[in-house]
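Please open the structure in your viewer and keep the sequence panel beside it, since each stop on this tour begins with a selection. Some stops pose a short question to consider before reading on.

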Amino acid sequence: MSQKPANQDNTVVIVPEAEIGTLISAQIAFEAVEATFAAMSRKSAYNFPVIREAIGHADALYGFKSGFDRDSLALGLKSGGYWPQNETRGLTNHQSTVILFDADTGRVKALVGGNLLTALRTAAASAVSIKHLAPANASVLGMIGAGHQSAFQMRAAVQQRNFDKVVGWNYHPEMLSRLEHTAKELGLPFEPVSLEELGAQSDVIISISSSFEPLLLNDHVTPGTHIACMGTDTKGKQEVETALLSRATVFTDEIAQSISIGEAQHAIASGILAESQISEIGAVINGDHPGRRDCNEITLFDGTGVGLQDLAVASVAVSLALEKKSVQTVQF
Ligand code: NAD
């Protein structure tokens with residue numbers, strides 16, 4: 001049977017960075033990311049290998065994260081990276097743009113601002129881990145890191161458990177005011193603490209720093225804690241002591257990234273953790289893994305950040321922008 005001729009006009013939807021905040025809430029990002037992790041574990045969605053290069057200009061790191069979800073038909077890439085001098089120009093150092101393609105024809109479908117989307121999808125990932133792995137009665141949230149991502153992380157985390165207090169530590173203590181302001185906005189008391197104190201008090205710990213040395217040590221962490229390691233997304237970075245990964249039950253968004261660019265890379269390299277000991281969070285979401293088994297178990301989520309998360313939230317942004325009818329389009 002002959003195929004119907006394709007319409008030669010190709011309408012490309014543009015969702016500028018400034019529109020994202022009006023379209024995507026933390027809850028919308030949460031639902032998109034949870035569904036994506038589930039699809040990855042069912043093997044109906046997969047990420048392509050990550051490309052990340054120091055381009056030898058403006059000290060920039062530039063690359064692509066990409067993939068395809070056969071269920072939602074999200075196909076495309078997030079292109080972007082880190083320009084350390086942007087701040088002096090009044091721009092965000094991290095810059096990214098998502099490009100979506102039509103899975104049936106390969107034609108470009110949409111161009112979507114990716115900066116706020118990155119923060120929302122990253123916060124959604126740790127929130128998904130908290131929903132599925134943290135103790136049900138968790139009351140103290142510990143935050144390690146006080147940079148741009150930290151406020152998004154805290155806002156998403158408090159939707160998942162009935163926290164009554166936030167404690168925080170940061171390598172640059174002068175930045176802790178960001179955590180204090182965010183906790184205040186959420187109606188929660190905030191206390192700056194040492195890492196020892198943070199480990200002793202917290203039921204859930206989120207680490208979101210650009211550290212290259214372990215900050216949180218095995219001895220700091222008490223039984224029953226859930227830890228979301230979100231800062232380590234590149235070879236060489238590290239936020240927690242490797243001994244913690246052999247003591248904890250380890251989960252991740254994607255095992256290939258976890259062992260190469262995620263927090264588990266060091267425990268794997270030193271041989272104290274085997275790849276077979278790491279489980280996908282999607283397996284817990286799908287009911288194929290029990291997740292937390294008892295109240296003394298330490299669970300650790302290695303959130304490395306996958307391209308499919310970006311495609312999922314960008315696809316929702318495009319659908320919602322089209323519903324609003326005020327959407328910008330170009331013929332391409
Ligand atoms: P940022 O530049 O705004 O903040 C950096 C944070 O790291 C601050 O808390 C800072 O005090 C701390 N820091 C800087 N140097 C440090 C050091 N030597 N030791 C310990 N801490 C140090 O960055 P951000 O946008 O908040 O991102 C934080 C981290 O999260 C980065 O490493 C970034 O690459 C990573 N990230 C991960 C994902 C993911 O999907 N997993 C997504 C976005 C960002």
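Select A58 first, and ask whether it is buried or exposed, or something in between. In this predicted model, A58 counts as partly exposed because its relative accessibility is 31%, a value that falls between the 20% limit for buried and the 50% limit for exposed. A58 sits in the loop between β3 and β4 (61-69), and its phi is positive, about 55°, although A58 is not a glycine. Most residues other than glycine have a negative phi.

Move next to L73, which lies in the loop between β4 and β5 (74-82). L73 also has a positive phi, near 65°, in a residue other than glycine, and with a relative accessible area of 36% L73 is partly exposed.

Now select P49, in the loop between β2 (45-47) and β3 (51-54). P49 is exposed, because its relative accessible area is 70% and the cut-off for that class is over 50%. If you add S326 to the selection and draw a distance from C-alpha to C-alpha, the two residues should be 35 Å apart in space, while 277 residues separate them in sequence.

The next stop is a pair of helices. Select residues 26-41, helix α2, whose 16 residues reach 23 Å from the first C-alpha to the last, close to the 22 Å expected at 1.5 Å a residue. Among the buried residues of α2 are F30, V33, E34, F37 and M40, and after the helix comes K43, with a positive phi near 70°.

Then select residues 307-324, helix α11, which has 18 residues and spans 26 Å between its first and last C-alpha atoms, close to the expected 26 Å. Its buried residues include L308, Q309, D310, L311 and V318, and just after α11 you will find K325, which takes a positive phi of about 65°.

Turn now to strand β17, residues 299-302. Which residues of β17 are buried on each side? T299 and F301 are buried on one side and L300 and D302 on the other, so that both faces of the strand are covered. In a regular strand the side chains alternate between the two faces of the sheet.

To see the neighbours of β17, add strand β13 (residues 226-229), which runs parallel to β17 and is joined to it by four bridges; here I227 stands opposite L300. Strand β15 (residues 249-252) likewise runs parallel to β17, with four bridges joining the two, and F251 has F301 as its bridge partner.

Finish at the ligand, and select the 23 residues around it, of which R121, H148, N170, H172 and K237 come nearest. By class, this shell holds five nonpolar, 15 polar and three charged residues. Three contacts are worth displaying in turn. A polar side-chain atom of N170 lies 2.7 Å from an oxygen atom of the ligand, a backbone N or O atom of S210 lies 3.0 Å from a ligand oxygen atom, and a backbone N or O atom of M230 lies 2.9 Å from a nitrogen atom of the ligand. Taken alone the ligand exposes 860 Å², and the protein buries 85% of that area. As a last selection, show α3 (115-133) and α4 (148-157), the elements that give two or more residues to the shell around the ligand.

Notes
Residues numbered from 1 in each chain as written. Predicted model: local features only at pLDDT ≥ 70, side-chain atom pairs only at ≥ 80, totals over all residues. Heavy atoms only, no water. Buried < 20%, exposed > 50% of the residue type's maximum accessible area, 1.4 Å probe, protein only. Pairing = 2+ DSSP bridges. Near = heavy atom within 4 Å. Polar contact = N/O pair within 3.5 Å; in protein donor to acceptor, adjacent residues only side chain to side chain. Areas by Shrake-Rupley, 256 points an atom, 1.4 Å probe, with all protein chains shown as cover. Nonpolar A, V, L, I, M, F, W, Y, C, P; charged D, E, K, R; others polar. Expected span 1.5 Å × (residues − 1).
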